[in-house]
Amino acid sequence: MLPTTLRDDFPILRETVNGKPLVYLDNAATSQNPTQVIEASRHYYEKLNANIHRGTHYLARAATEAHEAARNSVAAHINAASPDEVIFTSGTTDGINLVANILSLSPGDEILISTLEHHSNIVPWQMLAERSGAILKVIPCDEDGVLDQAAFQDLLSDKTKIFTLTWVSNAFGTVNPVREMTAAAKTHGAIVLIDAAQAVPHMAIDVQALGADFLAFSGHKVYAPTGIGVLWGKLDLLKSLPPWKGGGEMIKEVTFEGTTYNDPPFRYEAGTPNIEGAIALAAALDYVNAIGLDEIHGHEQFLIRHAAAALSEIPGIRLYGPAERACSLSFAIEGIHHYDLGTLIDQMGVAVRTGHHCCQPLMARFGITGTTRASFALYNTEEDISALTAALKKASAMLR
Ligand code: PMP
């Protein structure tokens, strides 16, 4: 278990909601920022704020240095072969859309995704399929929310041009065997993108060991601000692909006759980027590394098992997802709508998420419109779980 004193780093956790101490269990949607990250943002605006690259003055140089140092930090954190493989985006959604817009497919090509995907790893591929005449194929899952590996093998073929998969399901917490599935897709020559939005906050990432071509994540789920994210891509592949958005920064030379494009990562970073966000993201990664991702993982695993055991005792509850899950615990209580449950426990200061979690096809697979979801971060405690359990018991007695 991590020391509860870590909570002191997160000012928002001292807030009260409806006169009750805040119990924040909506970390899969967004995590809170520690003072160290808030200070990095503040320092940027107080000491460094200027537009980056091309500037001759001191602040422009200082801001550029800090921004590119942040890129180096991200590259080191995910073990990228080069910082040039790290593209700053506005988040996971932005990164996936970028890839879906720079890859081109032909009619009859196949894009393989899974039932567990977030809408942001479904819709961009549907749009690409619509544009190109490619076909979207979906790996089914079983009653525990675990992907059917036999079906996956059957769906894979040389027609599979793109295979994309979430590392960890935001809705059910399922941890997919991404390395093995990537290796299988690679034997058919597919380009592989991993949605690591729910993986990066909870485990160490090594993109070189993973074997995929692209990996996307968001800063705001790993203790950084909103509006910043990362798309990692293999450098050779990035060099061979066209740009998507046009504008400043992504060019080498512009004439009215034609334009030549910059090298990656700048080719994919048109316009003024979120400079402060990148710097704050690096501060957030420093923060988690100082604690240790193994320690964070162990702490969260303890919490999620403890929560699953505690919640199992609530009459009429159904937990979704496999027994071995990461970060998110989804459940329903018989006869009670998730929205009513979430609204009522909010009155008791407990913040959870209710609804489809941007996974409508997954909800449809289970014949439900949504669940209630508690999701955990490094600052959560056993007391938070006691508060959640007590609030759920009280609310379900009131709603029955
Ligand atoms: N993929 C997964 C698995 C997610 O959990 C989320 C956020 N809930 C996203 C993608 C989208 O992230 P963002 O909204 O930060 O772009």
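E324 is exposed, at a relative accessible area of 54%, where exposed stands for over 50%, buried for under 20% and partly exposed for the range in between (1.4 Å probe, protein chains only). E324 forms a salt bridge with R305, the closest N and O atoms being 3.2 Å apart; the term denotes a side-chain nitrogen of Lys or Arg within 4 Å of a carboxyl oxygen of Asp or Glu. The two residues are 19 apart in sequence, R305 lying in helix α10 and E324 in the loop between β13 and β14. Helices (H or I, at least four residues) and strands (E, at least two) are DSSP runs numbered from the N terminus. R305 counts as partly exposed, because its relative accessibility is 45%.

The model is predicted; local features need pLDDT of at least 70, side-chain atom pairs count only at pLDDT 80 or more, and totals for chains, interfaces and linings use all residues. Residues are numbered from 1 along each chain as its sequence is written, and side-chain values use heavy atoms, with hydrogens and water left out.

The count of salt bridges comes to 14. One of them joins R54 to E249, with 2.6 Å between the closest N and O atoms. This pair links distant parts of the chain, 195 residues apart: R54 is in the loop between α1 (35-48) and α2 (58-77), and E249 is in the loop between α8 (235-240) and β11 (251-255). R54 is classed as exposed because its relative accessible area is 64%, whereas E249, at 13%, is buried. A further salt bridge is formed by the side chains of R7 and D384 (3.5 Å, N to O). Here the separation is 377 residues, from the segment before β1 (16-17), which holds R7, to helix α13 (residues 382-399), which holds D384. R7 and D384 are both buried. In addition, salt bridges link D26, R353 and R373 in a network.

The protein chain is divided into domain 1 (4-27 + 293-399) and domain 2 (38-289), with bounds that come from an automatic or database domain assignment. Between the C-alpha centres of the two domains the distance is 28 Å. Domain 1 contributes 33 residues to the contact and domain 2 contributes 32, contact being taken as heavy atoms within 4.5 Å. About 2,600 Å² is buried between domain 1 and domain 2, 61% of it on carbon and sulfur atoms. Buried area is the accessible area (1.4 Å probe) that two parts lose on being put together, summed over both. Within domain 1, the residues that lose the most area to domain 2 are L293, L362 and R365, which together account for 24% of what that side buries.

Two salt bridges are counted between domain 1 and domain 2. R365 also forms a salt bridge with E143, at 3.0 Å between the closest N and O atoms. Residue pairs in polar contact between the two domains number 15 (both at pLDDT 80 or more). A polar contact is a pair of N or O atoms within 3.5 Å; within protein, one must be able to donate a hydrogen and the other to accept it, and residues adjacent in sequence count only if both atoms are side-chain atoms. On the side of domain 1 that touches domain 2, at least two residues each come from α10 (293-312), β13 (317-320), β14 (328-333), α12 (360-365) and β17 (371-375). Helix α12 gives the most to this side, with five residues. By residue class, this side of domain 1 comprises 19 nonpolar, eight polar and six charged residues. Ala, Val, Leu, Ile, Met, Phe, Trp, Tyr, Cys and Pro count as nonpolar, Asp, Glu, Lys and Arg as charged, and the others, Gly among them, as polar.

Helix α3 (residues 92-102) is mostly covered, nine of its eleven residues being buried. These are T92, D94, G95, I96, N97, L98, V99, A100 and I102. The elements that cover them include β4 (86-89), α4 (123-132), β8 (191-195), β9 (214-218) and β10 (229-233).

Two strand residues were also examined. T160, in strand β7 (residues 160-166), is buried, with a relative accessible area of 1%. Leaving out residues up to four places away in sequence, T160 touches E110, L112, L155, H188 and A190. V350 is located in strand β15 (residues 350-351) and is buried at a relative accessible area of 2%. With the same exclusion of residues up to four places away in sequence, V350 touches V23, L25, I345, A387, L388 and A391. V350 and N18 are separated by 332 residues in sequence and by 9.9 Å in space, C-alpha to C-alpha.
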